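Work through the exercises below with the sequence and the structure side by side. Each task is followed by a solution that proceeds step by step.

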Amino acid sequence: MAIISEDIMQEDEASTQPEQVAAAVTVKDNSTEVEKEKEEEESKGRQPNSGNGLDLDNYSWTQQLPEVNISVPVPEGTKGRSVVCEIKKDHLQVGLKGQPPIIDGKLHKPVKVEDCFWSIEDGRSLSILLTKRNQSEWWKCVIKGDPDIDTQRAEPESSKLSDLDPETRQTVEKMMFDQRQKQMGLPTSEEMQNQDMLKKLKSQYPDMDFSGMKMPS
């Protein structure tokens with residue numbers, strides 16, 4: 001029978017300790033990196049759903065540039081007379097009579113109250129349409145304080161662009177171009193215009209130093 005001395009066992013234990021410590025440090029570093037990535041992602045906003053909105057616990061929403069559509073689940077068989085839906089320029093309250101509100105808070109952006117409406121769909125969900133006052137920008141959320149989406153990932157349907165007035169469509173197309181340029185690390189439309197302006201100035205005034213010149217943003 002082989003006899004292993006205490007000294008050899010202690011030596012083996014000592015030699016494995018640095019490896020265990022290194023492994024523990026690696027795991028800790030990895031978890032820290034994951035936490036940092038999660039925090040960065042949350043600060044930018046969540047990934048939008050397929051409708052450029054977000055699915056929350058008590059309601060879900062989608063959007064196009066002109067409007068926001070909200071879907072609120074309600075008990076099957078709910079009638080319109082049981083619904084409380086108060087839409088103001090900058091506030092929304094939704095719920096059922098005699099119960100705490102399902103949604104109650106300040107809207108992310110103002111809406112055109114006269115162009116907003118709601119209806120019961122299949123007796124199981126409350127559908128609300130909010131018409132934005134500013135129809136050339138994405139909403140990060142419906143109610144302030146609710147989770148935000150990353151509007152850089154919002155994508156308008158090309159077929160919907162034709163429904164916009166020419167000025168709004170031009171603004172949207174510019175936003176889409178600038179967004180793609182930023183994602184590829186390329187200059188935006190304004191930066192390209194500034195570069196062209198600087199080239200013209202240099203050609204017209206070759207003896208002047210424009211290195212410290214700040215172009216308008």
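**Exercise 1.** Find the residue with which K88 forms a salt bridge, and state how exposed each partner is.

*Solution.* In this predicted model, the partner of K88 is E86, and the closest N and O atoms of the two side chains are 3.3 Å apart. To place the pair with respect to the surface, take each residue in turn: K88 has a relative accessibility of 43% and therefore counts as partly exposed. E86, with a relative accessible area of 35%, is also partly exposed.

**Exercise 2.** Which residue does the side chain of E137 meet in a salt bridge, and which parts of the chain does the pair link?

*Solution.* The side chain of E137 meets that of K109, with a distance of 4.0 Å from N to O. The two residues belong to distant parts of the chain, 28 residues apart: E137 lies in the loop between strand 8 (125–131) and helix 2 (158–161), whereas K109 lies in the loop between strand 6 (103–106) and strand 7. As for accessibility, E137 is partly exposed at 24%, and K109 is partly exposed at 30%.

**Exercise 3.** Decide whether each partner in the salt bridge between D150 and R153 is buried or partly exposed, and then give the count of salt bridges.

*Solution.* The closest N and O atoms of D150 and R153 are 3.4 Å apart. A residue is called buried when its relative accessible area is under 20%, so D150, at 10%, counts as buried. R153 has a relative accessibility of 37% and for that reason counts as partly exposed. The count comes to three salt bridges.

**Exercise 4.** How many disulfides does a search of the whole structure find, and how far from the sulfur of C85 is the nearest cysteine sulfur?

*Solution.* The search of the whole structure finds zero disulfides. For C85, the nearest cysteine sulfur is that of C116, 9.2 Å away; a disulfide would require the two sulfur atoms to be within 2.5 Å. Starting from C116 leads back to C85 as the cysteine with the nearest sulfur, so that C116 is in no disulfide under that cut-off either. Turning to accessibility, C85 counts as buried because its value is 17%, and C116 counts as buried because its value is 12%.

**Exercise 5.** Trace how strand 1, strand 2 and strand 3 are joined, and then find the order of the strands in the open sheet.

*Solution.* Begin with strand 1 (residues 54–55) and strand 2 (residues 60–64), which pair in the antiparallel sense over two bridges. One point of contact can be located through D55, whose bridge partner in strand 2 is S60. These two strands form a hairpin, with four residues between them.

Next, follow strand 2 to strand 3 (residues 67–73), to which it is joined by five bridges, again in an antiparallel arrangement. Here Q63 has V68 of strand 3 as its bridge partner, while T62 stands opposite N69 in strand 3. Strand 2 and strand 3 likewise form a hairpin, with two residues between them.

Finally, widen the view to the open sheet, in which five strands follow the order 1-2-3-8-7 with antiparallel pairing. Its edge strands are strand 1 and strand 7 (117–121), each of which pairs on one side only.

Definitions and conventions: Residues are numbered from 1 along each chain as its sequence is written. This is a predicted model: local features need pLDDT of at least 70, side-chain atom pairs count only at pLDDT 80 or more; totals for chains, interfaces and linings use all residues. Side-chain values use heavy atoms; hydrogens and water are left out. Two strands pair if DSSP finds at least two bridges between them. Buried means under 20% relative accessible area, exposed over 50%, partly exposed in between (1.4 Å probe, protein chains only).
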